[in-house]
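Q: Could you take a close look at one pairing of strands in this structure and then work outward from it to the surrounding parts? I would like a connected account rather than a list.

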Amino acid sequence: MSATAPARRVLLGNQAVARGAYEAGVTVAAGYPGTPSTEILEALARYEGVYVEWSSNEKVALDVALGASLGGARALAAMKHVGVNVAADTLLSAAYTGVGAGLVVVSADDPGMHSSQNEQDNRLYARFAGIPLLEPADSAEAKAFTAAAFELSEAYDTPVLLRTTTRISHGSGVVEIGERRRPARRGFRRDPAKYVMLPAHARARHPILLDRLDRLAEEANTSPLNAVELRDPRIGVITSGIAAQYVRDALPEASVLRLGFSFPPPLRCIRDFAAAVDRLFVVEELEPIVEDALRAAGLRVEGKAYFPRTGELTPDLVREGFVRAGVLTAAASPPVPAVRAMPRPPVLCPGCPHTVPFMALRQLGAAVAGDIGCYTLAALPPLAAIDTTLAMGSSIGMAIGLARSGAPGGPVVAALGDSTFLHSGMSALLDAVYNRTPITVLILDNGTTAMTGGQPHPATGRTIRGDEATRTDLVALCRALGVEWIRVVDPYDIGATHRALEAAVAYPGVSVVITNRPCVEAPVKIRRPPFTVAGEACNACQACMAMGCPALLWTDESYEGRFKVSIDPALCSGCAICPQLCPTGAIVMSPREPAPRGRDGASADA
Amino acid sequence: MPSTHSVLVVGVGGQGVVLAGNILADVALAAGFDVKKSEVHGMSKRGGIVFSHVRYGAAVHSPLIGGGEADALVALEWAEGLRWRSYLRPDGVFVSGTAQIVPPAAHLDHRRWARAYPAFDRAVLADHRGPVHTVDALGVARNAGSASLTNTVLLGVLAVYLEFPHDVWEETIVRHVPARTAEMNVRAFREGLALGRAPMKLEPARSAPMKSAPARRPAAEVEITAAWCKGCDICVRVCPEHCLRLNDRAIAEVADAAACTGCRLCEYLCPDFAVTVRRRTAAAPAGTP
């Protein structure tokens, strides 16, 4: 950010968190990419004076941030909600040790699961760990609350959980840009009784944690982050995060208590508010956490009876909830005709190097344990080649269990990307080798963390700032883990990919196949001259359509009752996979285009 | 007009929806408004649905637009405009490019050959009470220098209906795009303005209306002469519909007869002439939508 930047800017919530941390003098920031958290570290990496790293996983990230905090530097760890599960081991004990300089853990939750495998409500982690919870409701608050979180962390010697949701992280709003506070270097103070969690030390720390929570509750009662807006005394709404914005639009006249500092719950503040209104509602996304806390405190509240516990809230859902509660009258439903829903699920890109390996796995009839990444999309038709997907790095361990269950008649394959393998897959590969479980592991190495937009990782050879880094050699790594059968294959070569996977599943021990084509979208777009379909040669067999490539479309012409195929030249990446599938040789280089270098893509046989 | 204005920009991953939303938000900010914007990044980028809610006014609360509340809907792709239309006020401004991006999922029905995509037909908007602009933004963008200017063209159409000064629009656009494309972006924006000011007329679709199904439906039976089959697996592997399998004696057999489209790849490629595809030419009506 240059000094001439305007004082008010429209920032993403994630950029605002980064700005808030920067202005608060954050010195170390770590995380692992995950939607919707990714832009926090990407934005921080653009500032000078902050050490920012993509860690190999979220637990490492939190360890790095905690270490920096103990070393006296303000530190931040950012991750998506399920990433906090990975880091939870550190988080729950960091609540015992406390911090050195301020430590803020950002959890970017994904209600509605726009890009996630579950919609767990990470506000529960605050209660679980016993640490304070801040919930900004827009970009301006995201920046202000991040700065407040550092102050709170240092004042109470505790990590602070800053929880956003997709609508905060990927929402934008106007933010006032301020100056960076000079980071105070406190230095590392040795204190084994506080920082070495031997059982004897930890036993002493637990009561300290509970006492701290009592003091934090008192702080929350008077905190300006909890805003009481007394208007109409008949209706009072307690709400937090994005839901507060929907409530404000739905009931502009109602009294509202917006909880920005929601754990420990500011019960005195809440009781005062409850006493000032006739009817008390809680509107919160996902779990009834505040609602349950209020009930436990003996307050009469209404909440999940009217507002859903699953998915995202929306302005419409909040309004409908208040209609059911008898607070609002139903608006005349909009007279817009409903359109027949057209499916448009996300798809693998044209030229995606993940396509062919999954076609081969389907041919092999393998039980395929998938993982988290773009390639999860290979579970959808027409590839339909993934049987399980759960959590980062789970594929290999699940494949081991599937193989040990004796259930699958055919081969068992774990399929995961390079970044996921390095995140948490490699420890499971070690397990397969150690216990001699005969599975095949397919590492889809595209050189990047593609799903989240192309972030570098330890096998990319670059840091988050683009500086050169040591590049982990996946083959050498697998060999060091004890794998004896490793083959690297070009996933654009259909025959070679099929043969490699066939040989791998036939091998009686642990086998690893690594594909070696880079992502076609990141870090650079890879485009070769597009192919075209010689319409008269196409017999509409649909062999190419089995790829699910977005560049392949039905034309209006048909052959024996089946649609012929054409290629959208604007989308075709020239990867030369579909010509290998075409039995009639109908897919050819576009005329007038120079031949792509280094590859004969026109062979018709797979 | 309500105190908060709402514009919904929609399209398909890669079309520049998010950039269009960013530009509009900054234009509103430059005009002195509070502004909020909401979109979703991540998985939806992979050819999926992309949207950007932009709201501006004296003080904006929700970043999301409620159903039937958008003052304007800008669709970079035809079918996405229809998908999100219920967010538009009955008298709101409907601006849509005529570009049609048919997703792979629309090509999966190999039995009825029904294309799951709404063919371009401006008549479906006939009952809309507000202004309707269906423009060949892609064609205009190409003429202005690049297909990737589609979003800027449509912002130009939108700008006719918003109160922001056009020089603020142009300055903001230039700030958001790569310097080498600044000039052509301004050109595209002005082309859009002209289209927005021109009387609305029925624009022809970019392509002819798509047929929903071929006239004759395939119907075929695969016969395998087991005595001639040596279990080479070729037919099993080439079948695009995964109709065939090897049985426990390694002889090819039909696993899913109903999925056969009669493409004959198995028959053509069997080295032992063990596969015969018999077509049953049933003259079925095409009327599947």
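A: In this predicted model, a good place to begin is A:Val368, whose bridge partner in β15(A) is A:Val413. That pair belongs to the parallel pairing of β14(A) with strand β15 of chain A, residues 412-417, which extends over 3 bridges. The two strands are part of an open sheet of 5 strands in chain A, in which the order is β14-β15-β16-β18-β17 and the pairing is parallel. Its edges are formed by β14 and β17 (485-489) of chain A, each of which pairs on one side only. Direction ignored, neighbouring strands of the sheet are turned against each other by 20° on average. Helix α18 of chain A, residues 494-506, packs on this sheet and touches β15, β16, β17 and β18 of chain A, while its direction makes about 170° with that of β17(A).

The loops that adjoin these strands hold several backbone features. Most residues other than glycine have a negative phi, and most peptide bonds are trans, so the following cases deserve a check by eye. The loop between β14 (367-369) and α15 (394-405) of chain A contains A:Pro382, and the peptide bond that leads into this residue from A:Pro381 is cis, with omega near 5°. A second cis bond, with omega near 0°, joins A:Ala522 to A:Pro523; here A:Pro523 is placed in the loop between β18 (511-515) and β19 (531-533) of chain A. Between α16 (418-434) and β16 (440-444) of chain A, the loop includes A:Arg436, which is not a glycine and yet has a positive phi of about 55°. A:Arg436 counts as exposed because it has 10 C-beta neighbours inside 10 Å.

Chain B offers a counterpart for that last feature. B:Arg264, also not a glycine, has a positive phi of about 70° and lies in the loop between β9 (252-254) and α8 (265-269) of chain B. B:Arg264 counts as partly exposed, because 19 C-beta neighbours lie inside 10 Å.

Moving on to where the chains meet, the contact takes 61 residues from chain A and 60 residues from chain B. On the side of chain A that touches chain B, at least two residues each come from β1 (8-12), α7 (166-169), β8 (171-176), α10 (241-250), α13 (315-324), β20 (552-559) and β21 (562-567) of chain A. By class, that side of chain A has 33 nonpolar, 17 polar and 11 charged residues. Strand pairing also crosses between the chains, since β8(A) and strand β2 of chain B, residues 34-39, pair in the antiparallel sense over 3 bridges. Within this pairing, A:Gly171 stands opposite B:Ser38 in β2(B).

Chain B has a further strand with pairings in both senses. Strand β1 of chain B, residues 4-12, is mostly covered, with 8 of its 9 residues buried. With strand β3 of chain B, residues 49-57, β1(B) runs antiparallel and is joined by 9 bridges; B:Thr4 has B:Gly57 as its bridge partner there. With strand β4 of chain B, residues 70-75, β1(B) runs parallel and is joined by 4 bridges, one bridge partnership being that of B:Val7 with B:Ala72.

Terms used:
Residues are numbered from 1 along each chain as its sequence is written. Chains are lettered from A and ligands numbered from 1 in the order in which they are written. This is a predicted model: local features need pLDDT of at least 70, side-chain atom pairs count only at pLDDT 80 or more; totals for chains, interfaces and linings use all residues. A residue is buried if 20 or more other C-beta atoms lie within 10 Å of its own, exposed if 12 or fewer, and partly exposed in between; C-beta atoms are placed from the backbone. Two strands pair if DSSP finds at least two bridges between them. Two residues are in contact if their C-beta atoms, placed from the backbone, lie within 7 Å. Ala, Val, Leu, Ile, Met, Phe, Trp, Tyr, Cys and Pro count as nonpolar, Asp, Glu, Lys and Arg as charged, and the others, Gly among them, as polar. Axes are lines fitted to C-alpha atoms, for helices over the stretch in contact, and angles run from 0 to 180 degrees between N-to-C directions.
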